[in-house]
Amino acid sequence: MTNRTWAPWMAAVFTLGAGSALLAGTPVPQAPQTGGPPRLIVVLVSDQFRADYVTRYSKQWTKGLRRLLDQGAVFTEAAYPFFVTKTCAGHSTIGTGRFPASHGMIDNSWYDRATRRSRVCTDDPSATAVPFAGGAARERHGVSQMQGWTLADEVRRHTNDRSRVVTLSLKPRSAIGLAGRPGPGVMAIWKEDNGPWSTSTVYAQTPWPDVDDFVKAHPVADAFGTTWDRMLPVASYLNDDDGPGEGARAVFPYRLVGNNNIPDSTFQEAWEKSPLSNAYLGEMAKMLVERQALGQRDTTDFLGVSFSALDLVGHTTGPRSHEVQDVMVQLDVVIGDLLATLDRLVGKDRYVVAFSSDHGVPDLPEQITADGGEAGRIRTAAIRDAIETALDRLIDDATWIANITTPYIYFAVDRNERVETAAGGRDAVTRAILSVPGIERVVWPNEIRAADGRDPLLLALRRSYFDGRSGDVAFVIKRNWVPQATGTTHGSPYDYDQRVPLIIAGPGITAGSYKNAATPADIAPTLAHLAGVPMTQTDGRVLREALTRPPR
């Protein structure tokens, strides 16, 4: 255990030993209640938060998540109705109220046929990184590939750019998916992969002073050498700490260090995968609410915070792990502290908040099989080899596959037409893919485009399909199978990936449990309705059943 001291605010949400009690929040005064639309719209997202985490683990929560469950409208059946359940697709759906087939952000990345390379969803060659605190940033992120408008965009348009928009996350695709277009008063903040905090020239030409000062005053490196251990007593956590498939080192406690005893990229990765990264985002959000006077002016502002630690941890240790549970225990405190700050600065009855997730995640296959179920791992290289072999035999010896980004296969630019026109070409590809263990089904684009709702899987694919970006043929993985060698990942049309929490709380909302069909695409139109902001294009609906009816 290091003797290094670190920022006191971190200690409030990141305990350094087992058995520590949850820290009670300090009561805060409430601003007086006023009528009219909310002064602040708040969208909180916890990356990779399965819907059933609420039923599994909510007894461990006593602060912010508990408050949202008790005081919000909780849509227990909420789910994404599209296929490719990934971070970029989910955040853009929450941000726009539209499905990927409409907003175009179909995946975290896709194969770009023009450049013949994989393209990140927020890739913008015209953008230049604008790092904070003098960091060395290199990534180029922007919103140019998103189609349509976000709720934050519509709020700004409605108020003639008097509104302020602030979004922040570890991931660029999360912050940008919520923020939308650049403009006066728009701040989109992210952290480069194991690198510095940054924005880009799409949003600012120079660092915003408030963010710059915060990052300088709170360097991530201050956490070097600290230890992540469980906040609650060990007996409070379900399952074993070292479950099947979690990996040799996936046990508490975790010491946040790097190679050669310096805070290098290895340390940065460990920090990002700990509750400290969520705590940091919570503190930055609180600072910006105060410094930017969000919700404290004569207009409606927008705050979006996406917490990434649960996703980064969950990919390694899976949904049953103590790590996943503890990230949520500590996120509960972070959100509680943020809501208390909003109560004090904005007023409890002057803001409305939505909480959801971008996707879920399956259990580790090793844990499914240990329970007697069917599960496994798929090698995408095996899919590639099977197709190449089949087409070499049928047509000629060539390189046929340019890229595989689950669930899509992209043929080389000059090969797709030959597959389509060769006698038996499609059938050969279909048989080759189905020969790989763990593959359920093969679907071609004409089937996707013709989907009419009678086949739920085809309809889910159609809602994820975007011409020019989606692949030349899709494959459907069997339930509980994972397309990677270790850990787990998401992106399927199954309930464990599609179902997420959806909670809305604040003035105009009647608290309770709602079993109505709902989707995160409903968040934007519902919040827009509460704020009196028109949204002309949306695939979601206003969740009217949860709206408070005016007295007769």
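## A salt bridge to start with

Let's begin with Arg-377, which forms a salt bridge with Glu-366; their closest N and O atoms sit 3.0 Å apart. This pair links distant parts of the chain, with Arg-377 in strand E13 (residues 376-377) and Glu-366 in helix H13, 11 residues apart. Keep in mind that what you're looking at is a predicted model.

How open are the two partners? Arg-377 has 22% relative accessibility, so it counts as partly exposed. Glu-366 is partly exposed as well, with a relative accessible area of 29%.

## More salt bridges, and a network

That pair has company, as the structure holds 35 salt bridges. Another one brings together the side chains of Asp-363 and Arg-320, at 3.6 Å from N to O. Here too, distant parts of the chain are linked: Asp-363 lies in the loop between strand E12 (351-356) and helix H13 (365-370), while Arg-320 lies in the loop between H11 and helix H12 (322-345), 43 residues apart. Are these two residues buried or exposed? Both Asp-363 and Arg-320 are buried.

The side chains of Asp-161 and Arg-156 also meet in a salt bridge, this time at 2.7 Å from N to O. Its two ends sit in unlike settings: Asp-161 counts as partly exposed because its relative accessibility is 36%, whereas Arg-156 is buried, with a relative accessible area of 7%. Which residues are joined into one network by salt bridges that share partners? They are Arg-50, Asp-52, Arg-56, Arg-320, Asp-363 and Asp-371, and you've already met Arg-320 and Asp-363 as a bridged pair.

## One disulfide

Now for the cysteines. The count of disulfides comes to 1. It joins Cys-88 to Cys-121, with 2.2 Å from S to S. The torsion about that S-S bond is about 110 degrees, so the disulfide is right-handed. Cys-88 lies in helix H4 (residues 87-96) and Cys-121 in the loop between strand E4 (117-120) and strand E5 (129-131), so the pair ties together parts that are 33 residues apart in sequence.

Why do both cysteines count as buried? The cut-off for buried is under 20% relative accessible area. Cys-88 comes in at 0% relative accessibility, so it counts as buried, and Cys-121 does too, because its value is 1%.

## The largest pocket

Next, some empty space. Rolling a probe the size of a water molecule over the atoms shows where empty space is left. The largest pocket has a volume of about 870 Å³. Its lining is made up of 35 residues, and those nearest its centre are Asn-108, Lys-171, Arg-173, Asp-193 and Leu-312. By class, the lining splits into 6 nonpolar, 15 polar and 14 charged residues.

Which element gives the most to this lining? That's H11, with 4 residues. Helix H7 (172-179), helix H9 (265-272), H11 and strand E14 (401-405) each supply at least two lining residues.

## The second largest pocket

The second largest pocket holds about 580 Å³ of space. It's lined by 23 residues, with Arg-249, Tyr-254, Glu-269, Ala-270 and Lys-273 closest to its centre. This lining has 10 nonpolar, 7 polar and 6 charged residues.

Some names come back here. H9 and H11 each supply at least two residues of the lining of the second largest pocket, and so does strand E10 (254-255). H9 and H11 are also among the elements that each give at least two residues to the lining of the largest pocket.

## A look at helix H11

Since H11 keeps turning up, here's a bit about the helix itself. H11 covers residues 309-317, and its buried residues are Ala-309, Leu-310, Asp-311, Val-313, Gly-314 and Thr-317. What follows H11? Gly-318 does, and its phi is positive, near 80 degrees.

## A buried loop residue

Last stop: Asn-480, in the loop between strand E17 (473-477) and strand E18 (481-482). Its relative accessibility is 14%, so Asn-480 counts as buried.

Which residues does Asn-480 touch, not counting those up to four places away in sequence? Its contacts are Pro-365, Ile-368, Glu-374, Ala-375, Gly-376 and Tyr-496.

Methods: Residues numbered from 1 in each chain as written. Predicted model: local features only at pLDDT ≥ 70, side-chain atom pairs only at ≥ 80, totals over all residues. Heavy atoms only, no water. Buried < 20%, exposed > 50% of the residue type's maximum accessible area, 1.4 Å probe, protein only. Contact = heavy atoms within 4.5 Å. Disulfide = S-S within 2.5 Å. 1 Å grid on protein atoms, 1.4 Å probe; cavity = no way out; pocket = protein on both sides within 12 Å on 5 of 7 lines; lining within 4 Å. Points joined across faces, edges and corners; volume = space filled by probe spheres on them. Nonpolar A, V, L, I, M, F, W, Y, C, P; charged D, E, K, R; others polar. Salt bridge = Lys/Arg side-chain N within 4 Å of Asp/Glu carboxyl O.
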